[in-house]
Amino acid sequence: MKRRFNITGSCSPQKHYMVPLDDRLKKIKTDYVDEGSYFIINKGRQYGKTTTLCALGKYLSRDYIVLSLDFHEIYGEKNEKFLEEHGRKFFLLYLKPIINGTGNYYVEAQTRDARRTDVIVDYCGEQFIIELKIWCGNEYNERGERQPADYLDFYHKDKGYMISFNFSRRKIP
């Protein structure tokens, strides 16, 4: 098969002209994966993120069990509304390997006044209160910030966390 330049989708070295990824994959493995660190691949469209992640999965499969989760398959082009519950599930997918065997989490734990927190994490002897919200503008966000503040008072904590899922095309930093 004759190779060609690809400007859409994932690239394959057998089908497409592309910059060799060997050095980049080795650096990611030694600097991050082997060290047990988290990393983010974050670039603009058509930069090679998917190609790099697919190649990285193959590269790492020699030494690791590789699990690939593609959330685009779940919400990519669908018109289904993203719900806070879905965000919680994604967050817990991220959280589980971190607390693996060294902590617990509780979903919608009920307080004495019958209010429900989104997630409480017990990890390494500390407790973390986490509230999840879908970004619906500044006013909604300010009201949302008061809710975990009430939970912090109830649990006698000084610090909590609010995670906002923002789908606005004009994100506010």
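Modeller: One term before we start: a residue is buried when its relative accessible area is under 20%. And keep in mind that this is a predicted model.

Colleague: Fine. What share of the chain's residues is buried?
Modeller: The chain has 173 residues. With that cut-off of under 20% relative accessible area, the buried share comes out at 27%.

Colleague: And how much area does the chain expose, with what share from carbon and sulfur atoms?
Modeller: The exposed total is about 13,300 Å². Carbon and sulfur atoms account for a share of 51%.

Colleague: In what pattern do the helices and strands follow each other along the sequence?
Modeller: You've got 5 helices and 4 strands to place. Going along the sequence, they come as α-α-α-α-β-β-β-α-β.

Colleague: Of the contacts between residues at least 6 apart in sequence, what share joins residues at least 24 apart?
Modeller: A contact here takes heavy atoms within 4.5 Å. Among contacts between residues at least 6 apart, the share that spans at least 24 is 45%.

Colleague: Let's do the sheet. Which strands stand at its edges?
Modeller: The sheet is open and mixed in its pairing, with 4 strands in the order S1-S2-S3-S4. Each edge strand has a single partner, so one of its sides has no neighbour in the sheet. That applies to S1 (103–107) and S4 (161–165).

Colleague: What does the twist average from one strand to the next?
Modeller: We're still in the open sheet ordered S1-S2-S3-S4. Going from one strand to the next, the twist averages 20°.

Colleague: How do S3 and S4 run, parallel or antiparallel, and which residue in S4 stands opposite Lys 133?
Modeller: S3 covers residues 126–134, and 5 bridges join it to S4. The two strands run parallel. Lys 133 has as its opposite number in S4 Ser 164.

Colleague: Which strands does helix H4 touch as it packs on the sheet?
Modeller: H4 is residues 84–99, and its direction makes about 170° with that of S1. Its touches on the sheet are to S1, S2 (119–123), S3 and S4.

Colleague: And helix H5: what angle does its direction make with that of S3?
Modeller: H5 spans residues 138–155 and packs on the sheet too, touching S2, S3 and S4. Against the direction of S3, the angle is about 160°.

Colleague: Staying with that helix, how far apart are the C-alpha atoms of Ala 149 and Tyr 161?
Modeller: Ala 149 belongs to helix H5. It counts as partly exposed because its relative accessibility is 35%. Tyr 161 is 12 residues away along the chain, and the C-alpha separation is 9.5 Å.

Colleague: Now the surface. Which residues make the nonpolar surface patch?
Modeller: One member sits in helix H1 (residues 22–33). That residue, Tyr 32, counts as partly exposed because its relative accessibility is 34%. The patch covers about 260 Å², and its makers are Tyr 32, Phe 39 and Leu 53.

Colleague: On to charges. How many residues apart are Asp 31 and Lys 27 in helix H1?
Modeller: Their side chains form one of the 4 salt bridges in the structure, with N to O at 2.6 Å. Asp 31 is partly exposed, at 34% relative accessibility. The two are about one helical turn apart in H1, because the sequence spacing is 4 residues.

Colleague: Is Lys 29 buried or exposed?
Modeller: Lys 29 is in helix H1. Its relative accessibility is 13%, and the cut-off is under 20%. So Lys 29 counts as buried.

Colleague: Where is Asp 63, which forms a salt bridge with Lys 29?
Modeller: The closest N and O atoms of Asp 63 and Lys 29 are 3.3 Å apart. This pair links distant parts of the chain, being 34 residues apart, with Lys 29 in H1. Asp 63 lies in the loop between helix H2 (49–60) and helix H3 (72–75).

Colleague: Which residues are linked in a network of salt bridges?
Modeller: Asp 34 also forms a salt bridge with Lys 29, with the closest N and O atoms 3.1 Å apart. Asp 34 is partly exposed at 36%, while Asp 63 counts as exposed at 53%. The network links Lys 29, Asp 34 and Asp 63.

Colleague: Leaving out residues up to four places away in sequence, what does Lys 29 touch?
Modeller: Both of its network partners, Asp 34 and Asp 63, are on the list. In full, Lys 29 touches Asp 34, Tyr 59, Leu 60, Asp 63 and Tyr 64.

Notes: Residues are numbered from 1 along each chain as its sequence is written. This is a predicted model: local features need pLDDT of at least 70, side-chain atom pairs count only at pLDDT 80 or more; totals for chains, interfaces and linings use all residues. Side-chain values use heavy atoms; hydrogens and water are left out. Buried means under 20% relative accessible area, exposed over 50%, partly exposed in between (1.4 Å probe, protein chains only). Accessible areas come from the Shrake-Rupley method with a 1.4 Å probe; for residues, only the protein chains shown count as cover. Two strands pair if DSSP finds at least two bridges between them. Axes are lines fitted to C-alpha atoms, for helices over the stretch in contact, and angles run from 0 to 180 degrees between N-to-C directions. Patches are made of residues with over 30% relative accessible area and no salt bridge: like charges are joined within 9 Å, nonpolar side chains (Val, Leu, Ile, Met, Phe, Trp, Tyr) within 5 Å.
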